[in-house]
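Work through the exercises below with the model open beside you. Try each task before you read its solution.

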Amino acid sequence: MAGKPKLYYFDGRGKMESIRWLLSAAGVEFEEQFLTTREQYEKLLQDGSLMFQQVPMVEIDGMKMVQTRAILNYIAAKHNLYGKDLKERALIDMYVGGTDDLMTFIIKFPFLPAEDKEKELAHIIQKATGRYFPAYEKVLKDHGQDFLVGNCLSWADVHLLEAILMVEEKKSDVLSAFPRLQAFKANISSIPAIKKFVEPGSQRKPVPDDKYVETVRKVLRL
C-alpha cells in the first residue's frame with residue numbers, strides 16, 4: 001500500500017492550497033513538510049527533487065511531482081474528479097483555467113506593496129463580479145445541474161468553491177447578485193469531505209499574513 005502523499009511547501013496557501021483542497025475533496029490524507037529556511041530549499045535542489053527548481057513539490061505514488069497543474073491533473077484523474085469522457089475533461093480544464101486566472105490575482109495580493117493593495121483589491125472584486133462569476137452563473141443556469149460538469153463532483157467544482165471563498169474573504173457579500181453561485185456554494189460545501197476541510201482544525205491554511213510573506217521571500221530570496 002502506498003504511503004500518504006507528502007507536500008513540500010510553505011505553511012501557507014500559495015500554489016499548494018488547491019492541491020490540499022483537491023486531495024481533501026478526494027478523501028486522501030496527506031503529510032506536509034513546511035519550508036522555513038533557505039537551507040531546506042537548497043537541500044531539495046541538491047537532491048534533485050525539484051525538476052524546475054521550484055515548489056510546490058508533491059511525493060505521490062513513487063513520484064516527485066512538480067508543476068501545480070500536472071499535480072492537480074494527476075490527482076483529479078486518479079480519484080475520478082476529471083469527468084467521464086474527453087468532452088467533460090475539456091470543460092473541466094476550461095473552467096479550472098478561468099478560475100486559476102482569478103485566483104492568481106488573489107495569490108499575488110499579499111506580496112504587493114501596501115500602497116498598491118487598495119487599488120488591486122478593487123480590481124479583484126471587479127474581475128470576480130464582472131467577468132468570472134457571471135460566466136459560472138451562466139454555466140450553472142445552462143447546465144441545469146448542481147455541478148459545473150456532468151452530474152457529479154469534479155475538480156472544476158472544488159476549484160471554484162475555493163476561489164469563491166477566497167473572494168468572500170475580501171468582500172463578504174460578493175455573491176449577492178449570483179443566486180446560482182450561492183446555491184452552488186452551499187451544495188459543494190455540504191459534501192462531507194469538503195465540509196470537513198473547510199471547518200476549523202483541518203489542513204486548510206488561513207489568509208496569508210506578514211509572517212507567511214516574509215518566509216516565502218526569505219526562502220526563495222525574492
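**Exercise 1. In which sense do strands S1 and S2 pair, and over how many bridges?**

Solution. This is a predicted model.
- Step 1: Find S1 at residues 6–9 and S2 at residues 31–34.
- Step 2: Compare their directions. The pairing is parallel, over four bridges.
- Step 3: Pick one position to check. Tyr 8 faces Gln 33 of S2.
- Step 4: Add the helix. S1, H1 and S2 together form a β-α-β unit, and the unit is right-handed.

**Exercise 2. Describe the two spans that UniProt annotates.**

Solution. Both annotations come from an unreviewed entry.
- Step 1: UniProt gives "domain: GST N-terminal" (unreviewed entry) for residues 3–83.
- Step 2: Read the make-up of residues 3–83. Helix accounts for 36% and strand for 20%. The end C-alpha atoms of this span are 26 Å apart.
- Step 3: UniProt gives "domain: GST C-terminal" (unreviewed entry) for residues 85–209.
- Step 4: Read the make-up of residues 85–209. Helix accounts for 70% and strand for 0%. Here the end C-alpha atoms lie 41 Å apart.

**Exercise 3. Where does the largest pocket lie with respect to domain 1 and domain 2, and why?**

Solution.
- Step 1: Take the volume. The largest pocket holds about 730 Å³ of space.
- Step 2: Locate its centre. The lining has 25 residues, and those closest to the centre are Tyr 9, Gly 14, Lys 15, Thr 68 and Ile 107.
- Step 3: List helices that supply at least two lining residues each. Among them are H3 (68–78), H4 (86–108) and H9 (210–220). H4 has the largest share, with five residues.
- Step 4: Sort the lining by type. It has 13 nonpolar, eight polar and four charged residues.
- Step 5: Draw the conclusion. The largest pocket lies between domain 1 (6–79 + 198–220) and domain 2 (86–190), because both give residues to its lining.

**Exercise 4. Which elements give two or more residues to the lining of the second largest pocket?**

Solution.
- Step 1: Take the volume. The second largest pocket holds about 300 Å³.
- Step 2: Look at its lining of 14 residues. Nearest the centre are Ser 24, Val 28, Glu 29, Lys 196 and Gln 203.
- Step 3: Name the elements. H1 and helix H8 (192–198) each give two or more residues. H8 gives the most, with three.
- Step 4: Sort the lining by type. Five residues are nonpolar, five are polar and four are charged.

**Exercise 5. How many cavities of 30 Å³ or more are there, and which residues line the largest cavity?**

Solution.
- Step 1: Apply the cut-off. One cavity of 30 Å³ or more is counted. The largest cavity holds about 30 Å³ of space.
- Step 2: Name the lining. It consists of Arg 13, Glu 17, Trp 21, Glu 162, Leu 165, Met 166 and Arg 204.
- Step 3: Match residues to elements. Helix H1 (17–25) and helix H6 (155–170) each give two or more residues to this lining. H6 gives the most, with three.
- Step 4: Sort the lining of the largest cavity by type. Three residues are nonpolar, none is polar and four are charged.
- Step 5: Assign the lining to domains. Domain 1 (6–79 + 198–220) and domain 2 (86–190) each supply at least three residues.

Notes: Residues numbered from 1 in each chain as written. Predicted model: local features only at pLDDT ≥ 70, side-chain atom pairs only at ≥ 80, totals over all residues. Heavy atoms only, no water. 1 Å grid on protein atoms, 1.4 Å probe; cavity = no way out; pocket = protein on both sides within 12 Å on 5 of 7 lines; lining within 4 Å. Points joined across faces, edges and corners; volume = space filled by probe spheres on them. Nonpolar A, V, L, I, M, F, W, Y, C, P; charged D, E, K, R; others polar. Domains from an automatic or database assignment. Pairing = 2+ DSSP bridges. Right-handed = clockwise from strand over helix to strand, strands pointing away. UniProt positions renumbered as here; feature names shortened; annotations may be inferred.
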